[in-house]
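The exercises below are meant to be worked through with the sequence and the coordinates side by side. Each task is followed by a solution that goes step by step.

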Amino acid sequence: GPCTECSCSSGKEPDKGPSHTKKKEDGDRLCVPKIFFGTRTHKQITQISRELKRTVYSCVPMTILSSRDYTCIHPVVSNSSNRNEMCVELLEGKQGRSCSYYHGVHKLCEHHALQSAPGVYQAWDIEDLVSLGRKLRACPYFAARELMVEADIVFCPYNYLLDPQIRESMDIKLKDQVVILDEAHNIEDCARESVSYGVTESQLRAAREELDFMVNNNIRQKHHEPLRAVCCSLI
């Protein structure tokens, strides 16, 4: 059946021309793939989107996926050290408050500044989206994700494509899509980072104390003793 993330299933006219949809023999439509363009840093995305503006393809629907560090505009959350957790808490309404910026996402997605005419887009970068978000009091982080549904080209840092957890949380599906990796010699380091984890000595000491307690109180001793040994050897 038609895929969920491309122009042919998003409510657009299915028969805009032979270039956009090909027919399979069984009558199913084939979707035009998205292009996922991965770069090493957010700064490089800005450079590439500026280059896109200068080409004849500057009018294709696009989006830039980036972290809340770059796109959160909530006055409290954006100044916090754990933006992700605070954002999720706000959206869940745990303290009885919600995020008014989140509820304005549609205003930003549909805004004419992202389109030079109805249905005709123009290339933009993160700064453009954020300043427009501030004007409209609408969340650039979630707007960028929303725009991915219609986008023909999606810019993002490498780890959004390589790290399975980020891919899942951003709802990125790479099957049958085109993936371009800029400066691909950096991929090895990025892949290593995405499966690496850092711990501090104080975290190890705290873990060892807890494991000591478990072992000394005969709580699942045979499971906790080997873990304690690992903590001790690392310390």
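**Exercise 1. A salt bridge in helix H11**

Task: In helix H11 (residues 221–234), how many residues apart are Glu 225 and Arg 228, and is each of the two buried, partly exposed or exposed?

Solution. Begin with the positions: Glu 225 and Arg 228 both belong to helix H11 and are three residues apart, which is about one turn of the helix. Next, look at the side chains in this predicted model: Glu 225 and Arg 228 form a salt bridge, and their closest N and O atoms are 4.0 Å apart. Finally, consider accessibility, where the partly exposed class lies between the cut-offs of 20% and 50%. Glu 225, at 36% relative accessibility, is partly exposed, and Arg 228, at 21%, is partly exposed as well.

**Exercise 2. Salt bridges that share partners**

Task: Which residues are joined into one network by salt bridges that share partners?

Solution. The network consists of Glu 188, Asp 189 and Arg 192. To examine one of its links, take the side chains of Arg 192 and Glu 188, which meet in a salt bridge at 3.8 Å from N to O. Both residues lie in helix H9 (residues 187–194), four residues apart, or about one turn of the helix. Arg 192 has a relative accessible area of 46% and is therefore partly exposed, whereas Glu 188 reaches 56% and counts as exposed, because the cut-off for that class is over 50%.

For a further case, turn to Arg 54 and Glu 51, whose salt bridge has its closest N and O atoms 3.2 Å apart. Here Arg 54 is exposed, with a relative accessible area of 68%, while Glu 51 is partly exposed at 44%. The structure holds eleven salt bridges, including the ones discussed here.

**Exercise 3. The sheet around strand E3**

Task: What is the order of the strands in the open sheet of four strands, and why is E3 described as largely enclosed?

Solution. The order is E4-E7-E3-E8, with parallel pairing. The edge strands are E4 (62–64) and E8, each of which pairs on one side only, and the twist averages 15° from one strand to the next. Now follow the neighbours of E3: with strand E7 (residues 153–157) it pairs over five bridges, and the partner of Thr 39 in E7 is Pro 157. With strand E8 (residues 178–181), E3 pairs over four bridges; in E8, Gly 38 has Leu 181 as its bridge partner, and Phe 36 stands opposite Val 179. As for enclosure, four of the five residues of E3 (residues 35–39) are buried, so the strand is largely enclosed by the rest of the structure.

**Exercise 4. Buried residues and their contacts**

Task: Which residues of the largest nonpolar core touch the most other members, and which residues does His 111 touch, leaving aside those up to four places away in sequence?

Solution. The core has 43 residues, and those touching the most other members are Met 62, Ile 64, Leu 65, Leu 108, Trp 124, Phe 155 and Ile 172. Take Leu 65 as an example: beyond four places in sequence, its contacts include Ile 45, Val 154, Phe 155, Tyr 160 and Ile 172. His 111, for its part, is found in the loop between helix H4 (105–109) and strand E5 (115–117). Its relative accessible area is 15%, and His 111 is therefore buried, since the cut-off is under 20%. Not counting residues up to four places away in sequence, His 111 touches Leu 132 and Leu 136.

Terms used:
Residues numbered from 1 in each chain as written. Predicted model: local features only at pLDDT ≥ 70, side-chain atom pairs only at ≥ 80, totals over all residues. Heavy atoms only, no water. Helix = DSSP H or I, 4+ residues; strand = E, 2+ residues; numbered from the N terminus. Buried < 20%, exposed > 50% of the residue type's maximum accessible area, 1.4 Å probe, protein only. Contact = heavy atoms within 4.5 Å. Pairing = 2+ DSSP bridges. Axes fitted to C-alpha atoms, helices over the stretch in contact; angles between N-to-C directions. Core = buried A, V, L, I, M, F, W, Y, C linked by side-chain atoms within 4.5 Å.
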